[in-house]
Structure formats: C-alpha cells, structure tokens
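Here's a set of short exercises to work through with the model open beside you. Try each one yourself before you read its solution.

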Amino acid sequence: MRLYLVFSVLLAIVAAACVKSSDQRQYTLQGQVISVTANRQEATIKHEEITGLMPAMTMPYKVRNPKLLDGIAPGDLITARLIVVPNDAYLTDVKKVGQAPLETTRPVTTEAAPSASAGFELLKPGEAVPDARFVDQNGRTRPFSSFRGSTVVLTFVYTRCPMPTFCPLMDRHFAAIQQKLKDDAAPDGRVHLVSVSFDPSTDTPPVLKKHAAKVGADPKTWTFLTGDRDEIDRFAARFGLSVARALNDQGDITHTLRTAIIGADGKLVKVYTGNEWTPEQVLADLP
Ligand SMILES: [Cu+2]
C-alpha cells in the first residue's frame with residue numbers, strides 16, 4: 001500500500017514535469033463554424049472568449065488530422081480543445097453540440113476603408129506611403145520616411161500576442177528573412193525590416209528592445225517601432241489592418257495581420273493579408 005502511494009506520487013511528479021517541459025497549453029473553445037476549407041484542415045470559427053487567451057473573435061483554426069472535421073459544416077455549434085504550443089496552435093476533440101443559422105449579415109470586413117474620412121483609403125501598389133512619426137526600440141524618434149533608400153518589409157505585431165500563428169509567426173518569418181539576407185550577403189541597408197507595435201501602452205521602447213533581442217533582431221536590419229496609438233492606427237489602417245482593443249483591458253487585442261513591401265522610393269509594392277505568406281515569397285517579391 002505504501003509502495004503504491006509512493007509510486008502514485010512519483011507518477012504525479014513525472015506527469016507534472018511532462019506537462020511543464022512540453023510547454024503546451026490547452027484551452028476550451030466554444031463557437032460556431034463559419035466555414036471549412038476544402039482540404040478540411042482549417043475551420044473558421046466564431047467563438048466565445050477563450051479564458052486566459054483571447055477575447056471572443058472569428059478566426060481560422062487548424063486541425064492536424066482532417067478527419068477531426070468530418071461531418072462538421074458551416075452553422076455547426078462546436079466545442080473543441082485548442083492546443084497552443086510554442087510555434088503552433090491547433091484544435092483537437094472537435095465535437096458538434098448543435099446547429100444554428102449563420103448570421104446573414106456579412107462579418108465586418110477589414111478591407112472596407114471608412115469612405116467618409118479621407119486619408120483612410122487603402123493604399124494601392126505604386127502609391128506613396130504617407131509619413132508617420134514613430135519611436136524605435138532605443139527611444140529615438142523615427143519618422144517612417146527615415147527608412148527611404150531601403151526597401152522596407154513592414155508588419156504589425158504586439159509583443160503580448162498569445163497566438164503562435166499570429167504575431168509570433170510574423171517575428172519568426174522576419175527572423176528567417178533577416179537570416180536569408182545575411183546568407184545572401186545583401187549589403188546593409190538594401191532591405192530593412194520594420195515591425196510596428198499596435199499596443200503602445202505595453203510595448204514601450206524598453207519592452208520592444210527586449211523583445212527584439214529575444215527574437216534575434218539585428219538592429220542594423222530590423223527595427224521595432226511604437227508611438228502614438230492613434231497615429232499607429234491611422235498608419236496601419238492604410239494597409240488594411242484592423243485592431244480592436246477591449247475597453248476594460250488595453251492589452252486585450254483582436255487584430256488582423258498585414259505585411260507590406262515598400263520600395264526604396266517610399267511607394268507601396270505589395271501587401272500580404274493574414275499569415276499565409278512565406279519568407280521565400282517575400283524575398284522573391286522584393287524589388
Ligand atoms: Cu497577434
């Protein structure tokens with residue numbers, strides 16, 4: 001009996017250690033399926049708040065086994081387990097618990113620029129990117145125009161982003177682009193990477209500096225920027241980025257992703273939507 005107890009305690013310790021070392025977090029997700037991709041590897045789900053991870057939102061989730069989405073169709077109400085690991089997030093245990101008509105109103109699209117207010121129109125390729133004032137990770141004032149002369153790859157992130165497939169993926173992609181530029185011995189300054197934080201209340205220059213070091217940003221090639229929140233929002237909106245912050249918690253942010261290539265002349269070359277682009281694609285598209 002005593003031996004059994006010792007064994008159980010040991011097992012519990014081992015189990016706890018495993019959970020910790022695997023760095024895996026699990027959450028319960030409840031929501032409605034809006035769409036399922038043809039390859040059945042991804043479903044867009046309008047879900048409730050995921051306690052401890054993110055507010056209610058609609059976004060795509062992957063499954064590692066397409067069978068998990070067998071019999072799952074738009075309109076289905078589901079519960080699932082969301083597994084978050086350092087470089088990925090995916091669903092398991094997808095269960096249909098009901099069905100409801102899909103809302104007929106189109107979800108708020110981030111593509112539609114508020115037409116009434118001039119200056120908020122989406123930038124088109126070939127158009128000059130408007131200037132904006134930022135502050136870099138060293139606390140130095142950096143107008144966006146100060147990057148002229150370099151081809152700029154620009155993206156928008158916040159350092160507290162909990163979804164490995166969102167902002168942290170942008171950081172990993174930028175690190176890969178930075179590495180490739182080094183491998184190709186691209187001359188310093190030919191291409192510059194710029195990550196703008198849309199969470200300036202948290203992402204102060206010292207926070208960004210620490211984050212930049214953590215993700216391996218070489219300051220010669222990759223700059224993190226913060227600044228005035230409204231100015232950041234106005235600038236980001238021109239690329240089609242939408243950011244919604246919870247009223248009671250500024251760090252509670254729902255956002256889309258936009259990554260852009262801007263020519264050395266300050267004119268927009270291309271905008272990538274979401275997280276589907278690859279570092280290779282961006283490198284191939286560089287002017
Ligand atoms: Cu994010």
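Thr155 is buried, with a relative accessible area of 1%; buried means under 20% relative accessible area, exposed over 50%, and partly exposed in between, using a 1.4 Å probe and protein chains only. Before going on, note that this is a predicted model, where local features need pLDDT of at least 70 and side-chain atom pairs count only at pLDDT 80 or more, while totals for chains, interfaces and linings use all residues. Numbering runs from 1 along each chain as its sequence is written, and side-chain values use heavy atoms, with hydrogens and water left out.

**Exercise 1. The surroundings of Thr155**

Find the strand that holds Thr155, then work out what Thr155 touches.

Step 1: Thr155 sits in strand β8, residues 151-157. Helices (H or I, at least four residues) and strands (E, at least two) are DSSP runs here, numbered from the N terminus.

Step 2: Look for contacts, meaning heavy atoms within 4.5 Å. Skipping residues up to four places away in sequence, Thr155 touches Met170, Phe174, Val194, Ser195, Val196, Arg258 and Thr259.

Step 3: Check the polar side. The Thr155 side chain reaches the backbone oxygen of Arg258 at 3.2 Å. That's a polar contact, a pair of N or O atoms within 3.5 Å; within protein, one must be able to donate a hydrogen and the other to accept it, and residues adjacent in sequence count only if both atoms are side-chain atoms.

**Exercise 2. Cysteines and copper**

Which protein atoms are donors of the copper ion, and how many disulfides does the structure hold?

Step 1: The protein donors are Cys161 (SG), Cys167 (SG) and His255 (NE2), at 2.0 to 2.3 Å from the copper ion. Donors are N, O and S atoms within 2.8 Å of the metal (3.2 Å for Na, K and Ca), and since water is not among the atoms, sites may look incomplete.

Step 2: Write out the spacing along the chain: C-x5-C-x87-H.

Step 3: Check burial. Cys161 is buried at 10% relative accessible area, and Cys167 is buried at 1%.

Step 4: Count disulfides, pairs of cysteine sulfur atoms within 2.5 Å. You get zero.

**Exercise 3. Helix α2 and what comes after**

Compare the span of helix α2 with its expected value, then look at the residue that follows.

Step 1: The expected span is 1.5 Å times one less than the number of residues. For the 17 residues of α2 (residues 167-183) that gives 24 Å, and the end C-alpha atoms are 24 Å apart, so the two agree.

Step 2: List the buried residues in α2: Cys167, Leu169, Met170, Asp171, His173, Phe174, Ile177, Gln178 and Leu181. An α-helix has 3.6 residues a turn, so residues three or four places apart point the same way.

Step 3: Ala185 follows α2 with a positive phi near 55 degrees. It's in the loop between α2 and β9 (191-197), and Ala185 is exposed at 59%.

Step 4: Put that in context: most residues other than glycine have a negative phi. Asp93 also has a positive value, near 50 degrees, but Asp93 is in strand β5 (residues 88-99) and partly exposed at 35%.

**Exercise 4. Asp76 and Ile253**

Is Asp76 buried or exposed, and which residues does Ile253 contact?

Step 1: Asp76, in strand β4 (residues 76-85), counts as buried at 1%.

Step 2: Its side chain makes a 3.3 Å polar contact with the side chain of Lys96. Neighbours within four places aside, Asp76 contacts include Gly31, Gln32, Gly71 and Gly98.

Step 3: Ile253 is in strand β12 (residues 253-255) and is buried at 4%.

Step 4: With the same sequence cut-off, Ile253 contacts Met57, Tyr158, Phe198, Asp199, Val243, Ala244 and Arg245. Ile253 and Asp199 are 54 residues apart in sequence, with 8.2 Å between their C-alpha atoms.

**Exercise 5. The whole chain**

How many helices and strands does the protein chain have, and what share of its residues is buried?

Step 1: The count comes to five helices and 14 strands.

Step 2: Of the 287 residues, 41% are buried.

Step 3: Among contacts with a separation of 6 or more, 63% link residues 24 or more positions apart.
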